[in-house]
Amino acid sequence: MTSPLPRTVRAVDTTSLLDLAQEAALHGFSRRLPVDWLRDHLAAEATHYLLPTLVHRLAHRPETPLQWRCQQLLTVSTGEQILGLLDVMPGAFNKLPETLDTASKDDIVSRIERAVSVRERKERMGANTGSRPPTVAASAGQPG
C-alpha cells in the first residue's frame, strides 16, 4: 500500500536535514545532495523546509523503500535560499514536527516556486568567477 502524500510543509534545522540526507545516501535514493556539500554550504543555524511533491518507488530496485520526493528550500551560508530535491522515507517525514501555520506554509510554497535551484546557483557562481563551478555528483538530479 502506498502512503498518501501529505499536503504540508515541514521546517527542519540543519542537523535534522543532514540526518535526512545521510539516510537518503545510505538507501541510495536518487534525489539528494551529498551530505558533505550540504555541511559545507548550509547556514548552520538556519531553518530549511521540505514540501512533499510525489510518491516515488523504484520499480527496478524493489528492495529500496518507498520515498516521498520533497522540494527543499535550503538556506545557504550567504543567507540565500535555494531549491533542491530530497527523497525522504514517509516515516522519517512524519516524525518531523508540524510547526508552521497555514500562512507560513503558503509563504514558503511561494518562495519555493521562485527559488533558484542548486544547479542554477552553481552555474551563476561559476559565471561570476569566470570558471566552472565544481561538479557535485548527485546534483545532476536537482531541478535546473
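The following exercises, each with a worked solution, concern a predicted model of one protein chain.

**Exercise 1. Determine how many helices and strands the protein chain contains and in which order they run.**

Solution. Begin with the count: the chain holds five helices and five strands. Next, read the elements from the N terminus, which gives β-α-α-β-β-β-α-α-β-α. Then consider burial: 46% of the 144 residues count as buried. Finally, turn to the contacts between residues at least 6 apart in sequence; 69% of these join residues at least 24 apart.

**Exercise 2. Establish where in the protein chain the confidence is highest and where it is lowest.**

Solution. Take the chain average as a starting point: the mean pLDDT is 85, and 85% of the residues score at least 70. By element, strand E1 (residues 10-13) has the highest confidence, at 98, whereas helix H5 (residues 118-129) has the lowest, at a mean of 76. Residues 131-144 have a pLDDT below 50, although this stretch has 34 contacts in the model beyond near neighbours in sequence. Predicted coordinates should not be read in detail where pLDDT is low.

**Exercise 3. Describe the order of the strands in the sheet and identify the edge strands.**

Solution. The five strands form an open sheet, ordered E1-E2-E3-E4-E5, with mixed pairing. E1 and E5 are the edge strands, as each pairs on one side only.

The individual pairings can then be followed across the sheet.

- Strand E2 (residues 47-56) pairs with E3 in the antiparallel sense over seven bridges. Within this pairing, Leu51 has Gln71 of E3 as its bridge partner, and Pro52 stands opposite Cys70 in E3.
- E3 and strand E4 (residues 81-88) are also antiparallel, with eight bridges. Here Gln71 is partnered by Leu85 in E4, while Leu73 stands opposite Leu83 in E4.
- E4 and strand E5 (residues 116-117) run parallel and are joined by two bridges. Ile82 has Val116 in E5 as its bridge partner.

One connection remains to be examined. E3 and E4 form a hairpin with five residues between them, and Gly79 in the turn has a positive phi of about 95°.

**Exercise 4. Explain why strand E3 is described as largely enclosed, and state how many residues of E4 are buried.**

Solution. Strand E3 covers residues 67-75, and eight of its nine residues are buried; therefore the strand is largely enclosed by the rest of the structure. For E4, seven of the eight residues are buried, and this strand is mostly covered.

**Exercise 5. Test whether the length of helix H1 agrees with its number of residues, and locate its buried side.**

Solution. First, the length. Helix H1 (residues 14-27) has 14 residues, which should span 20 Å at 1.5 Å a residue; the end C-alpha atoms are 20 Å apart, so the two values agree.

Second, the buried side. The buried residues of H1 are Thr14, Leu17, Leu18, Leu20, Ala21 and Ala24. Because they cover an arc of only 160° around the axis, they lie on the same side of H1. The face turned away from that side carries the exposed residues Thr15, Asp19 and Leu26.

Third, the packing partners. The buried residues of H1 pack against E1, helix H2 (35-41), E2, E3, E4 and helix H3 (90-95).

Fourth, the two ends. At the N-terminal end, Asp13 caps H1, with a side-chain oxygen 3.3 Å from the backbone nitrogen of Thr15. Just after the helix, Gly28 takes a positive phi of about 75°.

**Exercise 6. Decide whether Lys105 is buried or exposed, and name the residues with which Lys105 is in contact beyond its neighbours in sequence.**

Solution. Locate the residue first: Lys105 belongs to helix H4 (residues 102-114). Its relative accessible area is 18%, and the cut-off for a buried residue is under 20%; Lys105 is therefore buried.

Now list the contacts. Once neighbours within four places in sequence are set aside, Lys105 is in contact with Thr8, Val9, Glu98 and Leu100. A separation along the chain can also be set beside one in space: Lys105 and Arg10 are 95 residues apart along the chain, while their C-alpha atoms are separated by 8.4 Å.

Conventions:
Residues numbered from 1 in each chain as written. Predicted model: local features only at pLDDT ≥ 70, side-chain atom pairs only at ≥ 80, totals over all residues. Heavy atoms only, no water. Helix = DSSP H or I, 4+ residues; strand = E, 2+ residues; numbered from the N terminus. Buried < 20%, exposed > 50% of the residue type's maximum accessible area, 1.4 Å probe, protein only. Contact = heavy atoms within 4.5 Å. Pairing = 2+ DSSP bridges. pLDDT = per-residue confidence, 0-100. Expected span 1.5 Å × (residues − 1). Arc of directions from axis to C-beta. Polar contact = N/O pair within 3.5 Å; in protein donor to acceptor, adjacent residues only side chain to side chain.
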